[in-house]
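Please look over the sequence and the model shown here before turning to the briefing. The points that follow are meant to be read alongside the coordinates.

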Amino acid sequence: METGKLIVITGPSGVGKGTLVRELLARHPQLYLSISATTRSPRPGEIHGKDYYFVSRQEFEQMVQRGELLEWAEYGSNYYGTPRAKVEEILDMGKSVLLEIELVGARAIKETFPEALRLFILPPSTAELERRLRGRGKDSTEAIERRLDRGKVEMAAAGEFDCQIVNDDLDEAIASLEAIIEESYS
Ligand code: ADP
Ligand code: 5GP
């Protein structure tokens with residue numbers, strides 16, 4: 001994982017993207033995870049500047065107008081976007097950058113960074129996805145329903161991605177993710 005590559009990780013909410021990314025970063029500290037800006041309120045325990053840059057709608061719209069975002073999308077009545085400057089700086093240093101983003105953003109990246117490696121994470125089943133989303137206990141019942149609906153739309157687009165990884169057994173999913181990323185460098 002020596003040369004700079006943009007790696008996009010997408011999948012329905014609750015599938016385990018955050019869990020997989022945390023593991024990947026622990027094993028490969030040279031990877032850089034882009035910190036997104038969002039208008040969503042912080043969940044308990046989330047830290048500004050670590051999990052997200054939590055900004056107002058007005059601040060977000062200004063970032064869009066100034067061209068400061070590499071991509072952005074609306075998700076569950078909030079905005080989410082990738083700050084451009086840091087990603088470009090890290091890639092210019094020859095390091096790899098991970099983006100954990102939803103489908104609209106992943107499609108935009110395909111246009112602007114056609115060489116990016118785009119990976120889609122699938123659950124073993126829709127029932128298990130729902131179980132994980134409810135078990136996480138961080139979203140309201142209404143938000144969970146919306147996330148499940150959006151997740152189904154996203155999963156229908158999994159074939160657009162370079163690779164699909166089923167996150168059933170966590171260790172196996174991490175191993176697959178590592179193997180695919182390693183292979184992309186050769
Ligand atoms: P996402 O970032 O895709 O929304 P999270 O990483 O927050 O998903 O994971 C959602 C829930 O599923 C968490 O409670 C997490 O611990 C759990 N989880 C993640 N991967 C697995 C797995 N392979 N098997 C069982 N539970 C998992
Ligand atoms: P959550 O509210 O669960 O943190 O994130 C909701 C969705 O927004 C997830 O699918 C997550 O991958 C996506 N997301 C997070 N940051 C960004 C971003 O910068 N851009 C886009 N397009 N999606 C993002």
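The briefing below takes up two ligand surroundings, two helix pairs and one loop residue.

The model is predicted, and every value quoted here should be read with that in mind. Two ligands are treated in turn, with 13 residues around ligand 1 and 16 residues around ligand 2. Two helix crossings follow, that of α1 with α7 at roughly 60° and that of α5 with α6 at roughly 145°.

**Ligand 1**

- Among the 13 residues around ligand 1, those that come nearest are G14, K17, T19, R136 and D168.
- Backbone atoms of two residues approach oxygen atoms of the ligand: a backbone N or O atom of G14 lies 2.8 Å from an oxygen atom of ligand 1, and a polar backbone atom of V15 is 3.4 Å from an oxygen atom of ligand 1.
- On the side-chain side, a polar atom of the R132 side chain is placed 3.2 Å from a nitrogen atom of ligand 1.

**Ligand 2**

- Ligand 2 has 16 residues around it, of which S36, R40, Y52, Y80 and E102 come nearest.
- Oxygen atoms of ligand 2 are approached by polar side-chain atoms of Y52, at 2.5 Å, and of R147, at 2.8 Å.
- A nitrogen atom of ligand 2 lies 2.7 Å from a polar side-chain atom of E71.

**Helices α1 and α7**

- Helix α1, spanning residues 17-27, and helix α7, spanning residues 170-184, have axes that come within 10 Å and cross at roughly 60°, and the two helices are therefore oblique to each other.
- The crossing of α1 and α7 is right-handed, and its contact brings T19, L20, E23, L24 and R27 of α1 together with L170, D171, A173, I174, L177, E178 and I181 of α7.
- By residue class, the contact of α1 with α7 comprises seven nonpolar, one polar and four charged residues.

**Helices α5 and α6**

- The axes of helix α5 (residues 126-136) and helix α6 (residues 141-155) come within 11 Å and cross at roughly 145°, in a right-handed crossing.
- From α5, the residues T126, L129, E130, L133, R134 and R136 meet T141, I144, E145, R147, L148, K152 and M155 of α6, and the residues of this contact divide into five nonpolar, two polar and six charged.
- R136 of α5 takes part in the contact with α6 and is also one of the residues that come nearest to ligand 1, while R147 of α6 belongs to the helix contact and has a polar side-chain atom 2.8 Å from an oxygen atom of ligand 2.

**A loop residue**

- S77 is located in the loop between β5 (69-75) and β6 (78-83), and its phi is near 65°, a positive value in a residue other than glycine.
- Most residues other than glycine have a negative phi.

How values were computed
Residues numbered from 1 in each chain as written. Chains lettered and ligands numbered in written order. Predicted model: local features only at pLDDT ≥ 70, side-chain atom pairs only at ≥ 80, totals over all residues. Heavy atoms only, no water. Axes fitted to C-alpha atoms, helices over the stretch in contact; angles between N-to-C directions. Helix = DSSP H or I, 4+ residues; strand = E, 2+ residues; numbered from the N terminus. Parallel < 35°, antiparallel > 145°, perpendicular 65-115°, else oblique. Left-handed = near helix turned anticlockwise from the far one by under 90°. Contact = heavy atoms within 4.5 Å. Nonpolar A, V, L, I, M, F, W, Y, C, P; charged D, E, K, R; others polar. Near = heavy atom within 4 Å. Polar contact = N/O pair within 3.5 Å; in protein donor to acceptor, adjacent residues only side chain to side chain.
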